[in-house]
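Here is a short report on annotated sites, a helix contact and aromatic pairs. Please look over the sequence and the structure before reading on.

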Amino acid sequence: MIRMLDDLDAEGAAIGVRVDINSPVDGDGGGLADDARLRAHVDTISELCERDARVALLAHQGRPGDEDFTDLEAHAHRLDTLLSASVKYCDSTFSADARDRIDSLEPGTAMLLENTRFYSEEYMSFDPERAAETYLVERLVPALDAYVNDAFATSHRRQPSIIGFPQRLPAYAGRVMEREIDVLGNISESPEPRVYVLGGAKVDDSIEVARSVLERGLADAVLTAGIVGNAFLLADGVSLGAASAAVVNERSHEAVKEAGELLDAFSHRIYLPRDVAIGRGEERIELDLDELPTDQPAMDIGARTVAAYAEILEDAGTAILNGPAGVFEDDRFETGTFELYGSATRAETSIVGGGDTASALRKLGILDGFDHVSTGGGAALRMLTGHTLVGIEALDQ
Ligand SMILES: Nc1ncnc2c1ncn2[C@@H]1O[C@H](COP(=O)(O)OP(=O)(O)O)[C@@H](O)[C@H]1O
Ligand SMILES: O=C(OP(=O)(O)O)[C@H](O)COP(=O)(O)O
């Protein structure tokens, strides 16, 4: 059974709370370019502070070697602004100083510990038992009374801060985690017909999702768009042109073959774009499939595809969407995503996953129309195929 915050005796307790505030950062000053993930955790942290807990926040930012691999000072300042409780910053994660500062935290206040991935163990994969023996867990456990996992978006990772602490401390799901489990953990109970829209650039992941939801009977229809749609068009024998084929092959060598296998097995439930948009100079030009191939890459779905998909989505019991329909970052190619996702908000229930997808919808001003916007990308995709996550399993004590 997974225990929730309601089960936690918070008053005066030192609580390690794993959050996912991994965010886009500004190239120059290391400031945050987007604070959506920080805002998502405000409920959990505020509630614990209001209940007089002493909150030690654990989080990562970026991956070692990447430009967004930064310290968490800016995150701490932003959290301090977003919350009515005080949030301090500690520039180490489990040093003696960090442990002393946890010990002397005032009830009702929080402190963000340094980027967990500054320590190499946190960027490795472990079994839960081994994760519980890492330095991070060994050193912090004596300073903590309980552990809360609110980092849904990282809970597919076998990392010590996710799966190690529940081996050693009473463990609870935070409010973000609770909402995500409620919605994504019960996908097979959601209203039917269930329509999956798979767009974006992670072609292999999306094909895996399509395979899984079709084989398990979770999906009544799979609508393809983005580079994923182009891979399915190629698999169906449509001659898109060398430029589009190169974009698909750059992402995955196996995609077209695997998309073809799925089309053979489930052709009546997989829907392919009927037209595409390309750029010529500053212009957007829409081409029907019989006007192809073209020397320009297909950057969006066209109006005929949007209309056909909208009809299916508006009748859906549940619309589950991941990945933009086109290169939404370019104004010429944002319409496909805007129209398609707009029509999905008219489904009985609409669920969105994926970091780029959420930022596309925020840019297009239609994020609020969805019933559930997951904080996770990879984690949400895994849940949407009907699987659980190692971090959620670890909470099941
Ligand atoms: N037809 C296309 N050609 C090239 N890139 C595309 C196309 N359609 C979507 N994209 C790109 O896909 C990216 C987002 O995909 P992805 O990372 O899979 O989404 P998410 O993070 O939501 O899972 C965006 O940067 C978008 O520009
Ligand atoms: O941003 C995240 O995941 P996402 O890119 O799947 O949304 C999480 O913070 C996990 O980060 P990771 O994929 O570097 O382990």
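## Arg63 and the annotated site

This is a predicted model. Arg63 is found in the loop that runs between strand E2 (54-58) and helix H3 (73-82). Its relative accessibility is 42%, so Arg63 counts as partly exposed. Beyond its neighbours within four places in sequence, Arg63 is in contact with Asp68, Phe69, Arg117, Tyr123 and Arg157.

In UniProt, an unreviewed entry carries a "binding site" annotation for Asp20, Ile21, Asn22, Arg37, His60, Gln61, Gly62, Arg63, Arg117 and Arg157. Arg117 and Arg157 are thus named in that annotation, and both are among the contacts of Arg63.

## Arg157

Arg157 is placed in the loop between strand E5 (146-149) and helix H7 (160-164). Arg157 is partly exposed, because its relative accessibility is 31% and the class between buried and exposed runs from 20% to 50%. With neighbours within four places in sequence set aside, the contacts of Arg157 are Arg63, Ile162, Ile163 and Val390.

## Helices H2 and H8

How do helix H2 and helix H8 pack? H2 covers residues 42-50 and H8 covers residues 175-184. Their axes are 7 Å apart, at an angle of about 135°. The two helices are therefore oblique to each other. Asp43, Thr44 and Glu47 make the contact from H2. Arg175, Val176 and Arg179 make it from H8. By class, this contact has four charged residues, one polar and one nonpolar.

## Aromatic pairs

A pair of aromatic rings is described by two values, the distance of the centres and the angle of the planes. The count here comes to four aromatic pairs. One of them joins Phe94 and Tyr119, with ring centres 4.6 Å apart. Their planes are at 45°, so this pair is tilted. Phe94 lies in the loop between strand E3 (87-89) and helix H4 (96-103). Tyr119 lies in the loop between strand E4 (109-112) and helix H5 (128-131). The pair therefore ties together parts that are 25 residues apart in sequence. Phe94 is buried, with a relative accessible area of 10%, whereas Tyr119 is partly exposed at 28% relative accessibility.

Tyr147 and Phe165 form a stacked aromatic pair. The distance is 5.3 Å centre to centre, with 15° between the planes. Tyr147 lies in strand E5, and Phe165 in the loop between H7 and strand E6 (171-173). So this pair ties together parts that are 18 residues apart in sequence. Is Tyr147 buried or exposed? Its relative accessibility is 0%, so Tyr147 counts as buried. Phe165 is buried as well, with a relative accessible area of 0%.

## The second annotation

A further "binding site" annotation from UniProt, again in an unreviewed entry, covers Glu329, Gly354, Gly355, Asp356 and Thr357. Glu329 lies in the loop between strand E13 (318-322) and helix H14 (335-344). Its relative accessible area is 53%, so Glu329 is exposed.

Thr357 is found in helix H15, residues 355-364. Thr357 is buried, because its relative accessible area is 4% and the cut-off is under 20%. Leaving aside neighbours within four places in sequence, Thr357 is in contact with Asn322, Gly323, Pro324, Tyr341 and Val352. To put the two residues side by side, Glu329 is exposed, whereas Thr357 is buried.

Key
Residues are numbered from 1 along each chain as its sequence is written. Chains are lettered from A and ligands numbered from 1 in the order in which they are written. This is a predicted model: local features need pLDDT of at least 70, side-chain atom pairs count only at pLDDT 80 or more; totals for chains, interfaces and linings use all residues. Side-chain values use heavy atoms; hydrogens and water are left out. UniProt positions are given in the numbering used here, feature names are shortened, and annotations may be inferred rather than shown by experiment. Helices (H or I, at least four residues) and strands (E, at least two) are DSSP runs, numbered from the N terminus. Buried means under 20% relative accessible area, exposed over 50%, partly exposed in between (1.4 Å probe, protein chains only). Contact means heavy atoms within 4.5 Å. Axes are lines fitted to C-alpha atoms, for helices over the stretch in contact, and angles run from 0 to 180 degrees between N-to-C directions. Angles under 35 degrees count as roughly parallel, over 145 as roughly antiparallel, 65 to 115 as roughly perpendicular and the rest as oblique. Ala, Val, Leu, Ile, Met, Phe, Trp, Tyr, Cys and Pro count as nonpolar, Asp, Glu, Lys and Arg as charged, and the others, Gly among them, as polar. Rings of Phe, Tyr and Trp (its six-membered ring) pair if their centres lie within 6.5 Å; planes under 30 degrees apart count as stacked, over 60 as edge-to-face and the rest as tilted.
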